[in-house]
Structures are given as C-alpha cells and as structure tokens.
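This report describes the fold, the strand pairing and the charged contacts of one protein chain. The sequence and the structure are shown first.

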Amino acid sequence: MGDHGESATLSAGLSGVLTEFGHRLLARVYYADTDFSGVVYHARYLEFFERGRSDYLRLTGVHHTELADGKHGEKIVWVVRRMEIDFRGSAVIDDILTIDTRTEEISGARILMAQQLKRGDEVLVEARVQAAIIGENGRPRRFPKEWVKAFMPKAAS
C-alpha cells in the first residue's frame, strides 16, 4: 500500500501552516467529495477553498466565532462577494490536495485572496475570492488595521 500522503499530512497539522506567501493546508479527498463518475464534484472545490481561507484566518488570530459573538466590539461576519474559478483538472478519491491561499490586496472592507488547489505539483483548480466583513446591520465594515499586517504576504513587506 502506498503512503497516500499521510506523512506530509501529519507534518502540516490540522489547520495547516502559515507560509511566507500566506497559508497552506492539506486535505484528503473522501468518497463523499466525489460524484457518480468518481471524481471530486465541482462544488466541493469551493468547500476545500473555504477550509483554506478559514484556517488562514484562524492561524492569524481571527476566529469566526469571536467575530460573530462580538468579542471585538461589534458582531461582524465574513461574506464572499465575488469568486472566479478556473478548473484545470480533477481530483479523485484518496488524493491528498494542497490548498494554498495568499492575500493579493486589502482595501476598505474588502480582501482579495488568490487560491490554488494542487495534487502534488499539478494545479487542479485556481480561484480568486473577494470577501468583505459586514456588521449586524449588513453594512460593510472597514478592514481592521491590525489585521492588514497578518494577512499581507511577507514577500510584499
């Protein structure tokens, strides 16, 4: 039996790792991720990307539950405003996928993130995601200055 990437998965940890470009997360493809043809169902890639963005936030100290509970003053939440996706290849059951997330730009209430989902060195799916933070009233809230340093890639410093 092959390794299927177990040793690499264990070294990355449950929430992935912060990198000089942003964040890296490893994920395994399970049967539930596939469609009748045995490949990953297209909508599941959105879930893999969401895990990457959520764990990136978590490792930089921004926790969804704390934001929603109003720990930082006002109850705020993240919303996806726009997403562009390019499907280049397909993943299949038992593949170990690498989800790379990096911040391209922060302005006002918005953050633009670029994401890649790879199997080994092969890029399977790429996405650009524009997210925003909104308050309880549904209105955009300015991106906190203390978060900018945490989300901007070290290479751009």
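A salt bridge is a side-chain nitrogen of Lys or Arg within 4 Å of a carboxyl oxygen of Asp or Glu. By this criterion E126 and R88 form a salt bridge, with their closest N and O atoms 2.5 Å apart. The contact links distant parts of the chain, since E126 belongs to strand 6 (residues 122-135), while R88 sits in the loop between strand 3 (76-87) and strand 4. The two residues are 38 residues apart. The model examined here is predicted.

## Overall architecture

The protein chain contains four helices and six strands. Along the sequence, these elements follow the order α-β-β-α-α-β-β-β-β-α.

The protein chain has 157 residues, and 38% of them count as buried. Its exposed area is about 9200 Å², of which carbon and sulfur atoms supply 52%. Among contacts with a separation of 6 or more, 63% involve residues 24 or more positions apart.

## Strand pairing

Strand 1 (residues 17-18) and strand 2 (residues 23-28) run antiparallel and are joined by two bridges. Within this pairing, L18 stands opposite H23 of strand 2. The hairpin has four residues between its strands, and G22 adopts a positive phi near 160° there.

Strand 2 also pairs with strand 4 (residues 96-107), again in the antiparallel sense, over six bridges. Here L26 of the pairing faces T98 in strand 4. Strand 2 is thus paired with strand 1 and with strand 4.

## Helix 2

Helix 2 comprises 16 residues (residues 44-59). At 1.5 Å a residue, the expected span is 22 Å, and the end C-alpha atoms lie 23 Å apart, which agrees.

The buried residues of helix 2 are Y45, F48, F49, G52, R53, S54, D55, Y56 and L57. In an α-helix there are 3.6 residues a turn, so residues three or four places apart point the same way. Helix 2 is followed by G61, which has a positive phi near 95°.

## The environment of T34

T34 is located in the loop between strand 2 and helix 2. Its relative accessibility is 16%, and T34 therefore counts as buried, the cut-off being under 20% relative accessible area.

Leaving aside residues up to four places away in sequence, T34 touches V29, V39, V40, Y41 and I93. The side chain of T34 also reaches the backbone oxygen of Y31 at 2.7 Å. The C-alpha atoms of T34 and R44 are separated by 8.1 Å, and these residues are 10 residues apart along the chain.

## Salt bridges

Side chains of opposite charge can pair when their charged atoms come close. Across the whole structure, a search finds 14 salt bridges. One of these is formed by R24 and D100, whose closest N and O atoms are 2.6 Å apart. R24 lies in strand 2 and D100 in strand 4, so the pair ties together parts that are 76 residues apart in sequence. R24 is partly exposed, with a relative accessible area of 31%, whereas D100 is buried, at 8%. A network of salt bridges links R24, D100 and K118.

D95 forms a salt bridge with R119, the closest N and O atoms being 2.8 Å apart. D95 lies in the loop between strand 3 and strand 4, and R119 in strand 5 (residues 110-119), so this pair ties together parts that are 24 residues apart in sequence. D95 is buried, with a relative accessible area of 13%, and R119 is partly exposed, with a value of 25%. For the salt bridge of E126 and R88, E126 is partly exposed, with a relative accessible area of 21%, while R88 is exposed, with 55%.

Conventions. Residues numbered from 1 in each chain as written. Predicted model: local features only at pLDDT ≥ 70, side-chain atom pairs only at ≥ 80, totals over all residues. Heavy atoms only, no water. Pairing = 2+ DSSP bridges. Buried < 20%, exposed > 50% of the residue type's maximum accessible area, 1.4 Å probe, protein only. Contact = heavy atoms within 4.5 Å. Areas by Shrake-Rupley, 256 points an atom, 1.4 Å probe, with all protein chains shown as cover. Expected span 1.5 Å × (residues − 1). Polar contact = N/O pair within 3.5 Å; in protein donor to acceptor, adjacent residues only side chain to side chain.
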